[in-house]
Structure formats: structure tokens, C-alpha cells
Amino acid sequence: MCRICSAETLEKTRQEIRLRSDPSTPCIAVCAGAGCLASGAAEVIAAFEVELESRGLTAAITTRGTGCPGFCERGPIVVIHPQEICYLQVKPADVAEIVATTLVDKQLVERLLYVDPATGSKITREADIPFYKNQQRNILGANSRIDSKSLDDYLAIDGYAALAKALLQMSPDQVLEEIKRSNLRGRGGGGFPVWRKWAESRNAADPTRYVIVNADEGDPGAFMDRALIEGNPHSILEGLIIGAYAVGAHQGFIYVRQEYPLAVENVNLAIRQAEKSGLLGNDILGSGFDFRVQVHKGAGAFVCGESSALMTALEGRAGEPRPKYIHTAVKGVWDKPSVLNNVETWANVPLIIHQSADWFAQFGTAGCKGTKIFSLVGKITNTGLVEVPMGVSLRQIVEQIGGGIPAGKRFKAVQTGGPSGGCIPASQLDLKVDFDELTKAGSMMGSGGMIVMDEDTCMVDIARYFLNFLQDESCGKCTPCREGIRQMLKVLNDITTGKGHEGDIELLEDLAATTIGASLCALGKSAPNPVLSTLKYFRHEYEEHIKNKNCPAYACKSLLAFNIDADKCKACGTCRRSCPAAAISGAKQQVHVVDQQKCTRCGTCFSVCPSAFGAVQRLSGAAAASVSATMTLAPEETG
Amino acid sequence: MSDVRLTIDGKEVTASRGMTLLDAAQSVGIAIPTLCHHPQLEPYGGCRICTVEAEQGGVTRLVASCIYQVAPGLVVRTRTEKVNRIRKVLLEEMLAHAPESEILLNLAQDYAADKDRFEKEPSFCIHCGLCVRYCAELKQKHAVGFIDRGAQREIHFIPEIAGQECWDCKECFPLCPTSALQAAYVLTEALLTPAKKPSCCS
């Protein structure tokens, strides 16, 4: 590509690209994000290429590997443009039929279309699928319109127009002012006003400043930043350059976790493309502004998502947080003013500059503007990435977009904000989701992870799970975090294995107060959240575990027993044959019995027993204890 | 250096800019307990036993006084109920690892900490990092460091360096508030040079 050295050459290049690509030309867009690749998207793309080649259609029909559109549950996703026909869960074996039926004969392959579970009708266009229809895809929308590896594609959708506007028509102060007017708040978790961080760095005395992308997304179940940086890396770069210009930085870093190899690959490629075409380097677009970017691969520590730990790691030292009594915006990497923003925050910047702060601020609530991407996972029908305006209710996200809870189960809670977030119960489903409301409810936005839980989830066990994660991921530097988590986890392990005592809840609260009050960084200060929020809304579950050794969700195996009701058992043998521990005895016309000594409490017998019989009982608490005790004392004769 | 006026436990204090709350308090005879602090080393803020309440503009925060710097008009309280409670729990957590540490036991008396509140896991080390930082910052040898993270974090001598540097130094030993350090070194020594006997014993 020719060197883009001015606003004119940028626009000229853009026009040339658009002229080259006729929008009416059929294009097969296959999601090439990490999720779809894992379910075989690369093979699907290859199959399309082979099929088109063999039919001599390569010139007439293009194939494109796009970024992640978000509907990961149904990947690999194929969208045929310009009609936007959306086929889900496409396998290489479906490819020949798609080409023959849809691209040649202009007919639909009905069996690959989305079926609306509410009406049973088939939906052809991607945008009409309820999962997408109820979203506001300001940022994610571009992912499916471009090939993640193509600068041309990004330019075709107005890429780098915001950069040209910022560098050539606006002063750094005007850029800052526009960001301030937009009221953009950091998407990484804290929700700190972006302009304030930028202004603090800009006003710092030291002329050497840095801008950094935090792509160290480490929350279990969160993958929105991965989708953005994999799917549309140039948008992150563009935001970063604009931020650097506003702040007065000439060096940027992208701190991306190495567990995201495709993100690392795509962002490195984007940097090389931008450098080669003059969008990075000296005198960008003839503005006189110089800026360079380096990628730093994170070595796999969750705590490095914390700003000061990330900066310490960037300096080449062990990623441990340091006190931030002086903000990193003033004293960050190598003690220089450093603006660190999350991937999604940077992705918003070009949109605000290109389309104006007013456009951005039309979405969202009074205090929280714009959209937010959530990764919706867990016990939910439509797993994937959803982008909604701030202030949308949890119910809308879970029911309308997420399609509710599968298998007819009841919604119990949604965990937001990653491991240091909290659980929100069904009674709060109408909560308007934004930074402030989630915090008020005892959870937090975090980077946007949303784990949906159904009635089979034990809330004490969930708290235990997250504390176990945090015990490993704490850096271990300060006592209240390292020791507080260790002791809280011990209590939770005891409670979930039937060894809880009276006073455990108070002990948890005491430990939590010290961990919150005295920890050095945000990881420690928020680590007790999973415990405190579950105690707030599900205290009775803790009490049941402690007092009655009862797990109301039947999830804590140590508190369970499975028993076969002799009156209901039809001796069909299904449970006996399915038991992986060979713990069930019985024969034809002989009532079956579970050997409690051998039983591993996996629950297979309970789920396979035909519902017409319902002979297997799932017990917890006193009932479970009595079954186990009886069996231990006097194993029943079955012969 | 310009002076900063603040209040610590009701006392008017004049401190120089850049001074920590800990130093400012000590300058007027107010004692704040410390474990990971060493006047010759960079402030670390790891043990958090020096946590105090600092109020400014109506907002009260819990801060580590060994790091937090004085600011004009700051109101510092070093022995509130909240601070005492935090120190008590921190001591109880550390005593699970180093139940015999005299420093910890003495502090436990001051804060009514129950040394047996938590199950004992005598690793002895309370992760104050004095040895690691002393060796890195003052001796510049890096013969002892931290390995792993979270609850698994431990101090370890680096055999290649320790074998050459430590025998004639051992300046970190008296810094250790528990007996962990010496034990770790003896272990390294034994593993590294099983045949070599210390000259004093020959």
C-alpha cells in the first residue's frame, strides 16, 4: 500500500479501496475469532475456498475471516453478504450445500438457520435474531464487517478518519475536551472518568509520557477484550494514537496476555501495517506528531490486570502492585506519567472523535454513557458477547438477549465483575446495569463478565470457587490479601464439606473487613466481594450448610447422598448400568441399592432414572446423613 | 524543603514534604508498629501492620503509614477501633505461620490478638521481605528472593549466588522477625555443599 501521509492520501486510499470492492458482490463471512476457530471455523473457511475454487467462483464470490460477532454459542457462524443470511453451527460438510443452494441457486439452507425458540419460526437475517436484535452494537458491530487482518477493510469502514480529524483539525486540548464531554468512563472495572486520567498525565511536569492498552483480561469467563483486539485491532490502535496525541505521549504499549495468541498475532500485524502505511511512526498524516507502539506479552498473572502491577511487569520486574497514593497517571511506568486504559475504553475513543461526544452520550444513563460489552456465560441459553447501552436491566440481558436459562431451570443469580465481583439474586433482576448501580447492589461492573447461575448452583460453593482462584492469583505481597484469602478459603472449604461451625459467618465477616481495609491493591480490597455478596443475598444457604449440613442446591458433594426408593424402583437396571463407580447393586426384578461407601455422589443415577419412576432420591442434610449412617452400620442384603 | 502541618492523634505536627506518616508520627513520639519497615530500605507496604486512618476533605481512608506521605491538613488517627481491629487480625494471621516469633507475640499482647485463632501452618515466614530487599537494595547481591505467588509465596536463597555470597555476609539474619530466614539458608547451604563443613566446626 502507498504511504498514507496526509488527510488527502488517506481519503484517496479509502475511495480506491471502496471502488475495488463492490458491496453487491457476494461475500462469505466466517467468524474467525478464537471461539469459532475452536469449533472448526478454519476448516469451514478452507472448505469454502476449495468449493469456490472447484466451481470456478473465486472471482465472483469472496471469502472473509472476520472478527467475533459475539454469538459464540452457535459457532462457527457464517454470514452471506449482501443479504446477511446467517447460518449457525456450520460444519465443513455443510459448505458444498451452502454454495450450491444459497450462492448459486439463491435458496436458503433451512436447517442451518436460527430457530426462534419462542415462535418456532426460522430467522434468515443475522440482525433479526433476538440475540442481536436487542443489542446496541456500536463497537462490536464492526467486527463482523471486516477481515481482522486487513487494514484495507478497516479503512473501508471509515477507519483512521477519527485519527485524521484529531491530529489535523483538533488541538490536544480539544480532543481532551471532547472526551470529557462524552463522559466516557474506563471500561476496565473502576469506571474512572477517562478524561481525568488523561488530563492528569497531560498536566504532569514530566514531558516523557506513556499510553498503555490493558489487554490482560484475566477474569474467568470474560472474553470481550479478546474479541475486540483479535477482531478489530486497528480500532484499538487508532484510539491509542488519539489518546497519545491528547496526552502528549510518543510511546505506547499494548500489554496483552500471552494466552491470547491470536490477539497477539493480529495486533502485531496491525502495528506493522500501520507503520508501513505511515499511520504510526514519525509525522503521522503530516501532522508532525510522532508515535510508536510496542507489544508486551503478559506472563499469565491475573494481578497484572491491576494498573500498578501491570506497569511493574512492563518494566520487566515481577508483576506486583505498588502503592498508588500517587496516581500512575502521574508516576507510572519508569515513574513517568502513564495513561492506562482497557481495550474497550480505547475502542470507544475513535467513535467519540469521529461521531462526536453528543452521539456517544445519547446511549446510556445520566452517570454512565455509551454501551458496555458483557460476556454472558454460565447457565444461559445464548452464551456470547453482548453489547448494550448502559442502564439496560439485567432481566433484558438475561432473558431477551441471553434467551433465559436452559433446561427449564430457574434463574438464581448472576455473578458480575469477575472474581472480585459479586452475585446478584433474582430479586434484583430489574437492576439497571451501570457502574454505580452494580456497586450499590454489592457487586461491580469489572470488565464485564456475567456468569449466570441456575437453581443447581450453590452460592457458598461459588464463593469458595472464586476465593480459590484469588488465592492463587494474589501476588502474595501484602498480609491481608495473602493471609485473609487463605483463611477465608479454609472456612469456606469447611462449610462446603460439612465441617462448618457456628461463628464461621462472623469469622468470614471479620476476615473480610481486614482484607478490604488493609490490602495494598484493588485485588485484595475486592477479594472478599464473592463472600460478602453471597452472604448478603444468600445467608440462609450458609446457615443451612453450617447448622444442618444441608446444601439446598444439592451441589456440595460431601453433603449429599443418593438413595433408591424401594417402593418406586422398577429394577430396570438403567442406574446400575450407568453408575461409573459400580456402586449400585440389583438385578432383574430386584430392587436396586446404592452402596454409600462406593458412591462418588456424581448424580448420574438421579439423572438417568426414568422420570416416570423417579425412584432415585437426591438427599442432603439430615436425610443424607441418616442414609449414609444406615448404610455404614448395616449394609442391606440384596441377594 | 517546605513544611507541612498535619494532625496525628490530636497532636499538631510539622513535617517536611515527602516525609511518610510513620516518620512524622515517630518525630513526635507516637509509635506505630512496623514489621516490614527498615529505615535504610525503600518503603514496602507489605505487612500492613502500620495501617492508620487518614482523613482529608471529609474522606477517611485506611493507609499504610510507612508509605503514605504527609499532606497539609491531613488528620491521622493511629489507634482507632478499626485500626486496632485490623492489626489484631493481621497479627493473628501471621501468628499462624510464626507462632513463636517474639515480635509478633509482644504485639499480640498490645492488640489482644489470639495467637491460636487460626490453625497453625508453621512456615515461619511472614513475607516481610526484609531479607530480600536488604540483599537487593543494600548489598545488591540478589541472593535471596521470593518464588511463586499468593498463598504459595516463599522466600528462597538462589543457590548459585548464595553459595558464593552468603557465608561471609549473613547480614540479613538479624533482620528476620521470625526464625524462617536462617532455616531457609541452612537448607540451601546443606543442599548446595553437602560435603563442605563450616570451618568453625572442624
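Author: Let's settle one term before we start: helices (H or I, at least four residues) and strands (E, at least two) are runs taken from DSSP and numbered from the N terminus. Residues are counted from 1 along each chain as its sequence is written, while chains are lettered from A and ligands numbered from 1 in the order in which they are written. What you have is a predicted model, where local features need pLDDT of at least 70, side-chain atom pairs count only at pLDDT 80 or more, and totals for chains, interfaces and linings use all residues; side-chain values use heavy atoms, leaving out hydrogens and water.

Reader: Okay, where is A:Pro76 found?

Author: Look at the peptide bond leading into this proline: from A:Gly75 to A:Pro76 it is cis, with omega near -10°. As for its place in chain A, A:Pro76 belongs to the loop between strand 2 (62-66) and strand 3 (78-81).

Reader: And what is omega for the bond from A:His81 to A:Pro82?

Author: A:Pro82 sits in the loop between strand 3 and strand 4 (85-87) of chain A. The bond from A:His81 to A:Pro82 is cis, and its omega is near 5°.

Reader: Which element gives the most residues to the largest nonpolar core?

Author: A nonpolar core is a set of buried Ala, Val, Leu, Ile, Met, Phe, Trp, Tyr and Cys residues joined through side-chain atoms within 4.5 Å. The largest one has 142 residues, and those touching the most other members are A:Tyr87, A:Tyr160, A:Trp198, A:Ile254 and A:Phe291. The top contributor to this core, with 9 residues, is helix 11 (residues 233-247) of chain A.

Reader: How many residues are in the second, separate core?

Author: Its members include A:Tyr210, A:Ala309, A:Ile485 and A:Leu507. The size of this second core is 50 residues.

Reader: Back to A:Tyr87: which prolines does A:Tyr87 have in contact, leaving aside neighbours within four places in sequence?

Author: Contact means heavy atoms within 4.5 Å. With neighbours within four places in sequence left aside, the partners of A:Tyr87 include A:Ile77, A:Val78, A:Ile98, A:Leu108 and A:Leu113. The list also has a proline, A:Pro76.

Reader: Is A:Ala407 buried or exposed?

Author: A:Ala407 has phi near 60°, a positive value in a residue other than glycine, and lies in the loop between helix 16 (394-401) and strand 13 (411-416) of chain A. Buried means under 20% relative accessible area, exposed over 50%, and partly exposed in between (1.4 Å probe, protein chains only). With 73% relative accessible area, A:Ala407 is therefore exposed.

Reader: How does B:His142 count on that scale?

Author: B:His142 also has a positive phi in a residue other than glycine, near 55°. Its loop runs between helix 4 (130-138) and strand 6 (144-147) of chain B. The relative accessibility of B:His142 is 48%, so it counts as partly exposed.

Reader: What about A:Arg226, what is its relative accessible area?

Author: A:Arg226 is part of helix 10 (residues 224-231) of chain A. Apart from neighbours within four places in sequence, its contacts are A:Ala34, A:Gly35, A:Glu217, A:Gly231 and A:Tyr260. A:Arg226 is buried, and its relative accessible area is 19%.

Reader: Why call helix 2 of chain B largely enclosed?

Author: Among what covers its buried residues are helix 19 (479-496) and helix 20 (504-518) of chain A, plus strand 3 (51-56) and helix 3 (102-110) of chain B. B:Val83, B:Ile86 and B:Leu95 are among the buried ones. The helix is largely enclosed by the rest of the structure because its buried count is 11 of the 15 residues.

Reader: How far apart are the end C-alpha atoms of that helix?

Author: The expected span of a helix is 1.5 Å times one less than its number of residues. For the 15 residues of helix 2 (residues 81-95) of chain B, that means a span of 21 Å, and the end C-alpha atoms agree, being apart by 21 Å.

Reader: Last one: how far apart are the centres of the positive and negative side chains in chain B?

Author: Lys and Arg count as positive, Asp and Glu as negative, with His and the chain ends not counted. Each charge is placed at NZ of Lys, CZ of Arg, CG of Asp or CD of Glu. Chain B has 22 positive and 25 negative side chains, and the distance between the centres of the two sets is 3 Å.
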